[in-house]
Amino acid sequence: MKNCNEVKKVLISAQEIQIKVEDLAKNVTRDYAGKRPLVVGVLKGAWIFLADLLRKAELDLDVDFICVSSYGNRTYSSGKVDVLKDLTMECRGRDVLLVEDIIDSGITLSHIKELLFFHGAKSVEIAALLSKPSRRKVSIDVKYLGFEIPDEFVVGYGMDYQERFRTLKDICILNEEVYKR
């Protein structure tokens, strides 16, 4: 594994991730059968999860992305959400599936969900690969959840620290020395 001296341990293996993504895709396919949802990925962390999920789902759908920031270069959310890239597709009257990599405080995802309803979404459901319930500040309903994880800073499978580690195939706990420098 590249970056092995900066990773404390593998938390969820690439194989475990793919098994879970396949299961989530089956549920998404079942629930959106006969519909054409707008799937909105949260950049940058969710792009790998979104791609794998949608390749396994058997749906006619549209895809768009939104990019928000609440972390900056920190390992925790500031609580302030800035929209860096809004939707380019119309979501008015659409069923929207919001795809996120990890739910920490819930503040960012809650803000995005409100924004989608403000744009006129008919419904908004959430698919998240990871959740840290111990860090939650805002209650958020997640219909499609991959894994609950402990309060550790994780990277890989799209998730980063200062734009590094996104391409790790596993989800790994980052050594504290990396972000305490």
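**Exercise 1.** Is Thr29 buried or exposed, and what is its relative accessible area?

*Solution.* The model under study is predicted. Begin by locating the residue: Thr29 belongs to helix H1. Next, apply the cut-off, by which a residue counts as buried under 20% relative accessible area. The value for Thr29 is 18%, so Thr29 is buried.

**Exercise 2.** Identify the surroundings of Thr29, beginning with its polar partner.

*Solution.* The side chain of Thr29 lies 2.8 Å from the backbone oxygen of Ala25. Then set aside the neighbours within four places in sequence; Thr29 is in contact with Ala57, Glu58 and Leu59.

**Exercise 3.** Describe the architecture of the sheet, from strand order to edges and twist.

*Solution.* The 6 strands form an open sheet in the order S4-S3-S2-S5-S6-S7, and their pairing is mixed. At the edges stand strand S4 (82-85) and strand S7 (144-148), each of which pairs on one side only. On average, neighbouring strands of this sheet are turned by 30 degrees against each other, direction ignored.

**Exercise 4.** Characterise the pairing of S2 with S5, and then place helices H1 and H2 on the sheet.

*Solution.* Strand S2 (residues 38-43) runs parallel to strand S5 (residues 95-103), with 4 bridges between them. Leu38 has Val96 in S5 as its bridge partner. Helix H1 (residues 14-31) packs on the sheet and touches S5, S6 (123-131) and S7; the direction of H1 makes about 160 degrees with that of S7. Helix H2 (residues 47-56) also packs on the sheet, where H2 touches S2, S3 (62-69), S5 and S6. The direction of H2 makes about 155 degrees with that of S2.

Terms used: Residues numbered from 1 in each chain as written. Predicted model: local features only at pLDDT ≥ 70, side-chain atom pairs only at ≥ 80, totals over all residues. Heavy atoms only, no water. Pairing = 2+ DSSP bridges. Helix = DSSP H or I, 4+ residues; strand = E, 2+ residues; numbered from the N terminus. Axes fitted to C-alpha atoms, helices over the stretch in contact; angles between N-to-C directions. Contact = heavy atoms within 4.5 Å. Buried < 20%, exposed > 50% of the residue type's maximum accessible area, 1.4 Å probe, protein only. Polar contact = N/O pair within 3.5 Å; in protein donor to acceptor, adjacent residues only side chain to side chain.
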